[in-house]
Every structure is written in structure tokens, then in C-alpha cells.
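Here is a short tour of one protein model, written to be read with the structure open beside you. We will stop at a few helices, a strand and an enclosed space.

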Amino acid sequence: MVRLLQAGHASDALAIGRRLAAQATRAPDAYQLLGMCHAEAGNIEDAEQAFQHALTLAPEHPLVLVNYATMLRKAGRVDAALAALRRAVAAAPDVAKGWSELGGTAFAAGLHREALLALQRAVALQPGSVPDWLVLGNAARAAGDVVAAEAALRRVLALAPGHGQASMQLGNVLRLAGRADEAAACYELIKASGDQSPEVADALVGALLDDGRLDHAMQLARQVAADHPDFVPGLVTLTNLLWEHGPAQAPDSDPFALMRSALRRQPDNHALRTAFAQLLLAARLPDEALGELRILRREADEPTLALMQANALEMLGNTQQAGVLYAQLHLDWGSAMPAFLNAYARHLLKAGKWDAAARIARDATQVDPGNQEAWAYLGTAWRLLGDPREHWLCDYERLVAMVDVEPPAGFTDPSTFLEALGATLDGLHKARREPIQQSLRGGSQTPGRLFGRRDPVIAAAQASLLQAVEQWIATLPVDDLHPFLMRKTRRVRMGGSWSVKLWSSGNHVNHIHPEGWMSSAFYVALPPSVGAASATASEAGHIQFGQPPLELALGLSPRRVIRPEPGKLALFPSYMWHGTVPFEDPQPRVTVAFDMTPLGEEQ
């Protein structure tokens, strides 16, 4: 019967399953097989009845629970599937299949920490399982543990040399670890093995850019776009490169000309037009984005397009029209999607509906307690309502710190260290303008991950910065009710890391860091106009906290403004609004920034 199911003969298998269950009324395996047959035939209600009967006969039968969970997962009932799998592994902790299924299902549900622990048990029980090691690598990566991810993926390649998916994922993990040269070599090996897909070439473009090989990256990106004109990610990659690294001989050239030309050739390419609209919104060009979205919604009126249109209308100041779309989407989606709830809360703040904004933001924090954007909007709503919980949440004096960073070993004094670090960073700043989707205006940002690069000065800086962070964390209290303090651990894991060079008139618009728990800014070099001598006369180049984005037009001033100093590190919760005051000076303002999450935290 199982062979019939595997061969796709569900109706024949179902007939046998019915006869078997009728003959063996007290056998749980018979009803389990009947449930599997019904599930394969698409009879979900009948399948559930059969599995439930099997579990009545054997309530903790691990394989029945696992196969029942598989049916539930395929039917979209992920929570019920997880519950069944947790029962299975509790009943039979030495059965690898239960841990494998629990790991894969938890990973698909976004429960990365649970997936990681389950898959670690699975590979301990069956160390030769390539699928388990592969999902373990992906789960470790999603949980932010690139060391464990690399180890798992290398195990896959040891068991199955040349495994394409594992090779690709290993390259991605190496990029996240800041080892762009190794990532590029990994993608090159995949290409050399015969995989000439645009996906591999596009990944190689990113690694080459991270590794500082801009000309090679640009050349390959142009080739991918020419050879695969319908491959949307490649067109997006090239557009981003042209935006950030436009040709010196044509600084005013249009980086979106490529996308417009592609759309003229492929007017019915829905994915291409959607990607173009997203880029236009990121580039703060809502008028043109709105035109593309109207075309898209005439073709297929999807809720995600309506949300993009609402965002475009919001940017244009058409708050009332945007509000109609947001309200309808809230009826359609309810309170299950934090990303939508955040956009809706932002709209309600701008519309002056502060009580409603607080309710929606609160809903988002309940769905996703670690959602930094939701806490930012909730804190803003509380401030506008005069609610003292804003100060409980942000506590600008206690939760914002400017700490000293000791020069690393091998450097005699702070100035020698900062000069060496500044020279190293200067070689990485090759862009002619800011990335399209970042908070800086009038400056450049280093590509990829800064930390992890095989550069002794950067490695030394990372070690000193980590020491300063963990020393400050030790001074913080634990508060099981506070969204920042409740996650305090002794050590942290560094996530995204980069350097920013702001030029004269440049600044960071007020923003938060959605991927972090704690964020930072380390001051490497400051122009004279930001130095101590001018501190009493101007706040130019200072870092400010607590002021929401100016486009929300809320009229709120910063809660705290701090003058930066070379060699000092600003630390603050990732949900806290922060930005910089513009400055006028021919010398740049250079920083290193990184996000952190608690190490060992359950996710």
C-alpha cells in the first residue's frame, strides 16, 4: 500500500486501506495507513478521523503522531502539527523521525531555536542524514548562529560531495560571516561544476561586491541581466549597483532606466513590475510607484499590492485615501501579520489617531514580542498620549549609553588605533552614494558584513567593541516585564555590521533597527565641526534619540542629544528612534555600527 502511495496511486491504496481497517479494527497501524491514504487522496476530514481513531487505540504511538502531524502540516494546520510532534518526541525520544519532522516543521513556522534543538537531536540519532544536516544548517543560519550553520553545511558536503543546495547555502553563510572571498570561491565552484543558473551568478555578484571587487561585480551583473532578461532578482541587483556605484563619467544617469527598458519589453511581467514598484518606494519616488501599482492592481488585485499602494499614498500625503486601504486590509488580515500592523500603526500616527495607533502597535507586540518596529510605534503613541509608559519603555538616561572602548592589544593608544581603523575602512568605502534602502543621506556604507573579514585591524576592533558592550550589559538590571531588559544575557551575538562615512550635509534620518535587540555607533573619525570646541554652539553631527521620523509630521523633538567623541561607543535598544544632525564640513564623519542579539536566547 505504501508503494502504491509513493507511485501516486492513491485511489488503489485507499481501497486497500479501507479493507485493512475493516479487518483489523483494533490495530492502530491499520487506521494510520487509512489516514495516510485519505490524506494523499485529499480527503482531509476522513484522514483526521482515521488518525484520531488510531490515536484512541495507541495515544502515544510515535509514528502515528508523526504521520498525523505530516497530514496536519500539509493541510496548513501548523500549530496542531507541532503539538502532535512534541507529543511524539516526548513519547519516544530515541526515534529520529520525530525529531526530524519537528525540526523541519518548526523551521517552516519560524521557530528557529526550537528547530535548531530538534535537528541537533535528529543528527545525533542519525548522523548520516543529509536532509537533517541541511535543514539544521538553514535553521542555525536563521537563528543567527553562522558558526553552527557552516559546520552543518560542511557536514552535508562531506556526506554528499557536490550537493548543490548545500553549496549554495554555504556560500550564503560565508557572506553572513563576513568572509566574502570564501563565499565567492564557493559560488565559483558551483559554476565550475556546470551550474550556470542566474541564481548562482547573482549570488556571486553580491560576494564580489562585498569583497571589494566592484568592477568584476558590475561586469557580471550586466552579463546576468543581458543573458537572463526575465530574471528579476538580477535586474534588481544591477539597479541597486547602478544606484550606489553609478559611473563617474555620468553621475546624473538614471539608475532605473534598466528597469523601465525591461518593462517596455516585458509589459506583462508581473514580478518585474512589482519589483520596480518596490524599488521606487525605497527610493522615495511614490508618484511613479503609484502609477505602476495601479497597473498591477488592474491585473491582479492582491492584498500586498494594496498595502504598497497605501504606503505610496501615505508618502504623497494622501492620508485619507491611504486610510481607506489600511482599514480594509485590517478587516482582511486581522492582527496576525506584524509587518502590516506596523505599517497601519505608522499611518494612524500620521493621521492623528493616536489611541488607535497604540492599539494596533500593541497587537503587533503581542503577535511578535521581539518586533522592534512595533515597540517603536507603541512608544511614540504613548508619548503623544502623555502615557508614562513611554519613559518606562525608552528610559533615555539609563538605556542610552556612551561608553569608552579600550584600544586593542598591539595599539599603544586610542588615536593610533583609530587612525589604523580609519585607514582600513577608507579602503572599503567605494560607493558614490548611500544604499537605496538605508537611513543615511549624503554618504556611503560598506557592503556586506564588516565583522568577520580577514583583516587584523577589523578583527581587533570587533574584539574590543564586544568587550565594551558586555561590560555595559553587566550594569543593566533584569526586568522580566520590560521588552529590552527581559532579554538581557551575559553575552551577545553580533549580527549585521557595517561602516558609514557621512559627507558634508549628510545625516542619518531618524530610524530604528528591526533586526537587532541592541544597536550601536562607534565613532572612528569626526570632522572639526562636530568636535568638542563647538559643542556649546551647535549640535551638528550629534546623535539624537527619541524623535520619530520627520515625515510623520508629529512635531516631536528629540528626547536626548549626545555629542559623539572619537573612540566612544553609543549603545541603545534597537527599537529606539535615533538619527544624526546634519553638519557642514569638508571632512567626513566615520562610524562603525552593528546590531546585537542575546547569545543563547530562546527564539
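## Helix H21 and its surroundings

Helix H21 is followed by glycine 352, whose phi is positive, near 80°. Before going further, please keep in mind that this is a predicted model.

H21 itself covers residues 338-350, and its 13 residues should span 18 Å at 1.5 Å a residue; the end C-alpha atoms are indeed 18 Å apart, which agrees. How many of the 13 residues of H21 are buried? The count is 10, so the helix is mostly covered, with buried meaning under 20% relative accessible area. Among them are Pro338, Phe340, Asn342, Tyr344 and His347, and the leucines Leu341, Leu348 and Leu349 are on the list too. The buried residues of H21 pack against four helices: H19 (303-315), H20 (319-333), H22 (354-367) and H23 (372-384).

## Helix H14, for company

Another helix to look at is H14, residues 214-227. Its 14 residues reach 20 Å from the first C-alpha to the last, close to the 20 Å expected at 1.5 Å a residue. Here the buried residues are Leu214, Ala217, Met218, Leu220, Ala221, Val224 and Ala225. They pack against helix H12 (180-192), helix H13 (198-210) and helix H15 (232-244).

The two helices are set out below.

| Helix | Residues | Number of residues | End-to-end C-alpha distance | Expected span |
|---|---|---|---|---|
| H21 | 338-350 | 13 residues | 18 Å | 18 Å |
| H14 | 214-227 | 14 residues | 20 Å | 20 Å |

## An enclosed space

Rolling a probe the size of a water molecule over the atoms shows where empty space is left. In this model, the count comes to one cavity of 30 Å³ or more. About 90 Å³ of space lies in the largest cavity. Which residues lie nearest the centre of the largest cavity? They are Gly379, Thr380, Tyr396, Gly546 and Trp577, out of 14 lining residues. The elements that give two or more residues to this lining are H23 and helix H24 (389-394). H23 provides the largest share, five residues. By kind, the lining divides into nine nonpolar, three polar and two charged residues.

## Strand S9 and its partners

Strand S9 runs over residues 589-598, and 10 of its 10 residues are buried, so the strand is largely enclosed by the rest of the structure. In a regular strand the side chains alternate between the two faces of the sheet. In S9, Arg589, Thr591, Ala593, Asp595 and Thr597 point one way, while Val590, Val592, Phe594, Met596 and Pro598 point the other way.

S9 has antiparallel pairings to trace. With strand S3 (residues 492-508), S9 pairs over nine bridges, and tryptophan 498 stands opposite alanine 593 of S9. With strand S4 (residues 518-525), S9 pairs over four bridges, and methionine 518 has methionine 596 of S9 as its bridge partner.

## Serine 499, a residue to click on

Serine 499 lies in strand S3. Is serine 499 buried or exposed? At 0% relative accessibility, serine 499 counts as buried, because the cut-off for buried is under 20%. Leaving aside neighbours within four places in sequence, serine 499 is in contact with Val590, Thr591 and Val592, and also with Leu425, His429, Ser444, Gln445, Thr446 and Leu450. Leucine 428 is 71 residues from serine 499 along the chain, yet their C-alpha atoms are separated by 8.7 Å.

How values were computed:
Residues numbered from 1 in each chain as written. Predicted model: local features only at pLDDT ≥ 70, side-chain atom pairs only at ≥ 80, totals over all residues. Heavy atoms only, no water. Expected span 1.5 Å × (residues − 1). Buried < 20%, exposed > 50% of the residue type's maximum accessible area, 1.4 Å probe, protein only. Contact = heavy atoms within 4.5 Å. 1 Å grid on protein atoms, 1.4 Å probe; cavity = no way out; pocket = protein on both sides within 12 Å on 5 of 7 lines; lining within 4 Å. Points joined across faces, edges and corners; volume = space filled by probe spheres on them. Nonpolar A, V, L, I, M, F, W, Y, C, P; charged D, E, K, R; others polar. Pairing = 2+ DSSP bridges.
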